Amino acid sequence: MLGGSPCANAATASREDPVSRTTGTTPDSRTALRICPLCEATCGLTLTIEDNRVTGARGDRDDVLSQGFICPKGASFGAVDGDQDRLRVPLVRKDGELREASWEEAFDAVAAGLRSVVDAHGPDAVGVVLGNPNVHTMAGALYPPVLLTSLGTHSVFTASTLDQMPKHVSCGLLYGDANAIPVPDLDHTDHLLLIGANPVESNGSLCTAPDFPGKLKALRARGGTLTVIDPRRTRTAKLADRHVAIRPGTDALLLAAMANVLFEEKLVELGDLTPHVQDVDELADAVRDFTPEAASEACDVPAGTIRALARELATAPTAAVYGRIGSCTVPHGTLASWLVDVLNILTGNLDRPGGALFPQAATDRTPRPAGPGRGFALGRWHSRVSRHPEAKGELPLAALAEEIDTATEQGEPIRAVIAVAANPVLSAPDGDRLDKALDSLDFMVSVDPYLNETSRHAHVVLPPPPPSRSAHHDFAFNTLAVRNQVRYTPAAVPLEPGRMAETEILARLTLAATGMHGTDPAAVDTMVIAATLGKSVTEAHSPVHGRDPEELAAQLTGGTGPERRLDMMLRLGPYGEGFGVRPDGLTLEKLLAHPHGIDLGPLGSRLPGPLKTRSGKIELLPGPIADDLPRLRDALRERPTAIVLVGRRHLRSNNSWMHNVPALTGGTNRCTLHIHPEDAEQLGLTDGAAVRVKGAGGEVTAPAEVTDTVRRGVVSLPHGWGHGRAGTRMSHAALDPGVNVNQLLDGSLLDPLSGTAVLNGVPVELAPVH
């Protein structure tokens, strides 16, 4: 059932064709709707299109989630879409040079190159690297899982081990499902505590919320409290009632001390969570040593402030703690992520309005009856060289270079790489080493619109079309949205002759990599539909239990395989019509009739539904967490002996994607080293002076930007820069390449539970360049 809110929306929503609206300005001018794929906010856009070229973008005021909000990245959609440096045809390496080729020639080369490696050395000799942009496209969501399953390699690396894997691991251990991530109820909370998060500039992460800044201002306007814990006085911190300038890397210590206060001052109140939680007493014992006084010196936060933070959280009518990349990419990232949820649980704020809630996406699997599940396991296999345990089926991206260039007795090194929307030479530690390792591969194929620092090593480059040429639905981000809704936008502009849809590229890549080269790419979608429906009819809780899968498949609508798969997921999902079981439920046809989306209502309590632990309860002190706590206790005695480095984000950037767009660079979006005035004076640095920054992995030189927005003892360089390598074709980015902050890291520092690279709070040495 769609429920009251969606039906009301359905009664008034426009049914016009979202691709063919005319503006009336010129005969060839029209508008089209498109969900923005440039960050996690997923705002609705109205594009102006002239002669099949995007010439403008504004916020879609009727979008059910974003309601007209737009940021500089969305406003620059046309410039991103029309970048002249985007590759338009495949490139195949011949006689050492990448040359333009036909699609047939490119996929012939892919099939030959990959299968020769698999046949000679096995599937684990093929490494698959998936970059952040995959979660921003339908193709990236639908096809890589099929590729990985069909190929059977354990050598899987993604951007998750550079940002969010600690949250997946902690939620997997707590709730039994690594994708069951609660998000703060921003629109209703009375008290929001942010740690290591700067959503005013990042637009939010693992929390899909268009106009995050507006939601923070609305919180303050209704009398709520905003607390920000961050070593930098970010734009988010400037909005806060309280800004705590913590020492980088000590987030878990501060959060553990807050948990200690809740127990010691008898402020723990589980409320409605009581029947769903176990191990409360064990947790109290586990955090007993983390008193505010013990943590204070390590965190450089007064004990009284730590106690106040805990009391304010416990006594607020409703509250939510939200942590992001600054608290994930540190030595205790998984423990910090776990403690974020622990504080929400101990104050009774998990799974209640105004606290932290589990979203329910329209394409989620059919809800199963509550009860014990299979749980979540770590370390089912290990990396070959350093024996890093897998997490969520992935190995640390920081270990990719050594898995290629180091011989051991533990198995074959990686000899081929499939890189999909990934640029680890810039995004992973020690890009110089990885640069050399990629150059030594027997074969590499890259799916990328640019010839960048990573794809320049490929033997075959397969370029997807610009985003305006692709349909869009957010499979991942709707599972993290602050309001339940569903939206789909068809391609705004038709494919140009000679282009290939990204969905077809990845389908053909899957077939080429798995020995099925030459098969109709539609077979991939047909196979997935048959397998999904075949499993669904055997599940007692499914709305199609006992029915004929072929008869169900015949009911699916959509003009493409991906649309048919979306239709299937909508029908089987929590709001779906269940193939006739719930006639007023969701289908693709209903979604297409509402081009601005369908509102599915506010987030609500869902426990015990999301729990898949073996106990069927929230396991508050999982074994791997308990085993890692002694390492955190040791950190109580640690003190920095040098200046430490942290990263930073900018509203007009998203990793290394956008530095080739003139409208998104320049101004304050520059690759400078932020340094506190007193530290600068001590080193004899003036604003704009060149400063050499040295770390375990190498050194870089950047201009100093003297500012009191960083605390003493901390410097900050943005990530995603370093576009100066030969052989790339990103002309604007090369004009002001900046430096690669990750070259300062040697890849040896990881959070052991999640394999996530330590990118924040790392010691560096500074020296002026005369």
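Ala733 is buried in this predicted model, with a relative accessible area of 2%. Its home is helix H26, which covers residues 731–735. Setting aside neighbours within four places in sequence, Ala733 is in contact with His659, Asn660 and His723. Gly722 sits eleven residues from Ala733 in sequence, and the two are 8.8 Å apart in space, C-alpha to C-alpha.

His723 turns up again if we move to Ser656. Apart from neighbours within four places in sequence, Ser656 is in contact with Asn423, Leu426, Gly720 and His723. Ser656 belongs to the loop between strand E22 (643–646) and strand E23 (673–675). Is Ser656 buried or exposed? With a relative accessible area of 14%, Ser656 is buried, because the cut-off for that label is under 20%.

The loop between E22 and E23 also holds Gly647. Here the accessibility is 28%, so Gly647 counts as partly exposed. Leaving out neighbours within four places in sequence, the contacts of Gly647 are Arg232, Ser716, Leu717 and Asn760. Pro622 is 25 residues from Gly647 along the chain, and their C-alpha atoms are separated by 31 Å.

Now for Thr250, which is placed in the loop between strand E12 (242–244) and helix H10 (251–264). Thr250 has 9% relative accessibility and therefore counts as buried. Not counting residues up to four places away in sequence, Thr250 touches Ala298 and Cys299. As for Arg307, that residue is 57 places from Thr250 along the chain, with 16 Å separating the two C-alpha atoms.

Here are the four residues just described, side by side.

| Residue | Where | Relative accessible area |
|---|---|---|
| Ala733 | helix H26 (residues 731–735) | 2%, buried |
| Ser656 | loop between E22 (643–646) and E23 (673–675) | 14%, buried |
| Gly647 | loop between E22 and E23 | 28%, partly exposed |
| Thr250 | loop between E12 (242–244) and H10 (251–264) | 9%, buried |

On to helix packing. The axes of helix H4 (residues 103–121) and helix H19 (residues 502–513) come within 8 Å of one another, crossing at roughly 35 degrees. The crossing of H4 past H19 is right-handed. Which residues of H4 and H19 make the contact? From H4 there are Trp103, Phe107, Val110, Ala111, Leu114 and Arg115, while H19 brings in Ile505, Arg508, Leu509, Ala512 and Ala513. Sorted by class, the contact of H4 with H19 has nine nonpolar residues, two charged and no polar.

Next, the rings. How many aromatic pairs does a search of the whole structure find? The count is three. One of them joins Tyr175 and Phe358, an edge-to-face pair with 5.2 Å centre to centre and 85 degrees between the planes. Tyr175 is in helix H7 (residues 165–175), while Phe358 is in the loop between strand E15 (356–357) and helix H16 (400–405), so this pair ties together parts that are 183 residues apart in sequence. Tyr175 counts as buried, at 0% relative accessibility. Phe358 counts as buried too, at 2%.

Arginines also pair up with rings. Over the face of Tyr143 lies Arg565, at 5.1 Å from the ring centre. Then there's Arg571, whose charged end sits over the ring of Phe579, 5.2 Å from its centre.

To finish, a few backbone details. Between Leu607 and Pro608 the peptide bond is cis, with omega at about 5 degrees. Pro608 is part of the loop between strand E20 (598–602) and strand E21 (618–619).

What is the phi of Asp211? Phi is about 60 degrees there, a positive value although Asp211 is not a glycine. Asp211 is located in the loop between helix H8 (199–202) and helix H9 (212–221). Asp211 counts as partly exposed, with a relative accessibility of 27%.

Asp279 is another non-glycine residue with a positive phi, near 75 degrees. You'll find Asp279 in the loop between strand E13 (277–278) and helix H11 (280–286).

Notes
Residues are numbered from 1 along each chain as its sequence is written. This is a predicted model: local features need pLDDT of at least 70, side-chain atom pairs count only at pLDDT 80 or more; totals for chains, interfaces and linings use all residues. Side-chain values use heavy atoms; hydrogens and water are left out. Axes are lines fitted to C-alpha atoms, for helices over the stretch in contact, and angles run from 0 to 180 degrees between N-to-C directions. Helices (H or I, at least four residues) and strands (E, at least two) are DSSP runs, numbered from the N terminus. A crossing is left-handed if the near helix is turned anticlockwise from the far one by less than a right angle, and right-handed if clockwise. Contact means heavy atoms within 4.5 Å. Ala, Val, Leu, Ile, Met, Phe, Trp, Tyr, Cys and Pro count as nonpolar, Asp, Glu, Lys and Arg as charged, and the others, Gly among them, as polar. Rings of Phe, Tyr and Trp (its six-membered ring) pair if their centres lie within 6.5 Å; planes under 30 degrees apart count as stacked, over 60 as edge-to-face and the rest as tilted. Buried means under 20% relative accessible area, exposed over 50%, partly exposed in between (1.4 Å probe, protein chains only). A charge sits over a ring if NZ of Lys or CZ of Arg is within 6 Å of the ring centre and within 35 degrees of the ring normal.
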